[in-house]
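Reader: I should like to understand how one chain of this structure is built. Please guide me through it step by step.

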Amino acid sequence: MTATTRRPSRSGIRGGEALSGYLFTAPMLLLLGLFLVVPVLMALWVSFSDWSGRGSPLSGDVHFVGLNNYSALLTGGGLAEQDFGTALKNNAWYVVLVVPLQTALSLFLAVLVNRQILKGRGFFRTAFYFPSVTSSVAITVLWLFLFNSTGAVNKLLSFIGVKGPNWFNDPDGIIHNFFGLFGVKTGPAVLTGNTALGVSWWDWLGGPSVAMTAFVLLAVFTTSGTFMLLFIAGLQSLGGDVTEAAMMDGANGWQRFWKVTLPQLRPTLFTVLTLGLIGCWQVFDQIYTGTKGGPGKTTLTPAFLSYQSAFNNQQWGQGAAIAFILFMIIVFFTLVQRWVLAERKVSKRRMRGYEIPPSGTPVAAPTQPGRDKEGQR
Amino acid sequence: MQRRTTRWLVVGALAAAGALTLSACGSGFSSGSSTSGTGGLTSSKKALTVLIGSSGDAETKAVNSAVADWTKSSGTKATVSVASDLNQQLAQGFSAGKPADVFYLSTDALAGYASNGSLLAYGDQLKNKSDFYPSLVKSFTFDGKFYCAPKDFSTLALEINTDMWKAAGLTDADIPKTWDDLATVAKKLTTPQHVGLGIGGEYARIAAFMTQAGGNLMNADSTKATANSDANIKALDYVKTLIADGSLKYAKDLGAGWGGEAFGKGLAAMTIEGNWITGAMTNDYPNVKYTIAELPTGPAGKGTMQFTNCWGIAADSPNQAAALKLVEKLTSSSDQLAFSKAFGPMPSIKSAAATWKKDNPLLVPFLKGADYAKGVPTAKGAADVVTDFNSKIESLATGDPKTILDATQKNLEALVK
């Protein structure tokens, strides 16, 4: 690449290559520009303007209002800030539950269906993948029926003597409910008195509502199939030799999975976690078809709030501002994740366990594995 | 390296410029409409588009045939399209500068569209202006201007399951006249199988009690927040005692989507709903026998809520004169009576009342409510506050009415500042 660009463009037989390259990519660049870059830039402008939804946002009647829309959401003290805080709270709990659960489940399923001895692997792969290809609207509607107060899930629970909650209509936070079991109904004054984004700390710590928990289950159910596929692909690209070597060294199946297979899956794990994180922060269609933010605003998410404030309340600037704050949140968490999962040198302390003991101290050798285990705990 | 970056910048700029040129070809943006015609209205030969949010086939058919009649008599073409998400489609139309000419508009949306200039304030030019119920006209008045013609309306009344009523040993003389009566019969009607009164746990139902106590979230013009008034606290306290008695439950807690479903499924012996419930009962629960009564009188007299939509006309419409004519026809007595027959709502004009009462003797309690009904707050952003209020009132059973209303008061005051 650098070699060709350094060459003077007019000389030689390859002179027109760059031009034709641009020519070939031009349609795609234009399409991307038209449907991606321009709308994004316009939305960015709207988030800094007082556009009210009539006529073009680029017309002369629309004024630049600086950070007004952002400050209304972040420090306004009014309903807008409170709603945004609630939406962030709901979505944060959603992410905290869905991302680890779906990653663990999809990895588990992938390891299961990747086993050579499993009969009918094709069937299981299809079965596990099936929820992912079904439309999210259809699955949401199905979920509404399953989790109805008299629905199938509560029937099942009643067989084991549990009176199921009224899932999609129950605004109580599950952590609050847990504390409620011990008679703690209101939090300490430190938590209830102080607020962040218009929502008290006690409410931030309340956990997802029962309704949101049903959505968490829905997300895990639908997406784990997709990510299972990614993990299968990752697993199949691993060579058998490392695992075999580990077997020769006497590692059992559990150790092989945690110490040999999983570290090699790091790139796939990063992909799955990142895609999961992005998908979770953008959750919209389930909310739109399911609960529209209810009960008690406990399933309100930033994506849905953005839609609602723009299309229903004509607060286009705030709607766009929410979208950009959401974008920054996603970028931030992706970077954090990248940093956490980055390849690092094995620390000296850990490394010691793998080192060959220096010669001349054969007596210490047998104790080495034992110390190694302790060091890792 | 630097050379590459500049190249990418050039390519990006070219792509953006090209895309902008293309989007400019799409027209829509910044198209000036020529305003000329009678009474400041635009007029042209252009066909009209009518955008409606339909409740079902019956409504679509009725509007279609009324508009087709008008096309025949006026010679101006008009097409009806049914929106799957009315708010979204309206918003898209307004931002593109090519909105539907005539459309359904809810009281919530009025303030937003009126304040950004999307709507034509044509109310005062209507020939039948004085025929509309004054409280409905108030619902569609913003900043002192009567914006659009109420297309119809509904009020809340009390629906009673007659079989359960008789089973509890009650007679016609027991139909509740006061809050105490209501509490008594609701208790009598509560059995392990069903609750006495099952209503939607939202402002749009519970506010009926507020109006009976003499309150509402805002004053009639929606210019002043009155959420934490004593009347409202009294109303919520009353509802709370009914919940505590076990004789009132929200539809959601009964496993139903709304009051009508709880009532139709026999989960509640009484409910408070509007006249739309009659359609649901005939279609979904034809075997349930029921009767309709006016809501009981509260400490401050009679009270109920009214709900209405209007026929909005777009400020950007190229043919406002024809649109106004169409709306006059659609709000005429004959058309409104036909709509009422097809899908239930009550005519918004006084001159149609007598005929309507004769046609629907069982539904008279709904129309009687028109005399004392109050509307929902219409200040810009009020819909959000109501949603917030709804989310709090869901936990009224364990909440404190004063705290709930104080929070709502604060939010409403922020709107009218």
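**Chain B and a pair of its helices**

Author: Chain B has 17 helices and 12 strands, where helices (H or I, at least four residues) and strands (E, at least two) are DSSP runs numbered from the N terminus. The model is predicted, so local features need pLDDT of at least 70, side-chain atom pairs count only at pLDDT 80 or more, and totals for chains, interfaces and linings use all residues. Residues are numbered from 1 along each chain as written, chains are lettered from A and ligands numbered from 1 in written order, and side-chain values use heavy atoms, without hydrogens and water.

Reader: What share of the residues of chain B counts as buried?

Author: Buried means under 20% relative accessible area, with a 1.4 Å probe and protein chains only. Chain B contains 417 residues, and the share of them that counts as buried is 54%.

Reader: Is α9(B) parallel or oblique to α17(B)?

Author: The axes, lines fitted to C-alpha atoms over the stretch in contact, give angles from 0 to 180 degrees between N-to-C directions. Those of α9 (residues 230-245) and α17 (residues 401-416) of chain B come within 9 Å and cross at roughly 135°. Angles under 35 degrees count as roughly parallel, over 145 as roughly antiparallel, 65 to 115 as roughly perpendicular and the rest as oblique. Therefore α9(B) is to α17(B) oblique.

Reader: Which residues of α17(B) are met by α9(B)?

Author: Contact means heavy atoms within 4.5 Å. From α9(B), the participants are B:Asn232, B:Ile233, B:Leu236, B:Asp237 and B:Lys240. In α17(B) they meet B:Pro401, B:Lys402 and B:Leu405.

Terms used
Buried < 20%, exposed > 50% of the residue type's maximum accessible area, 1.4 Å probe, protein only.
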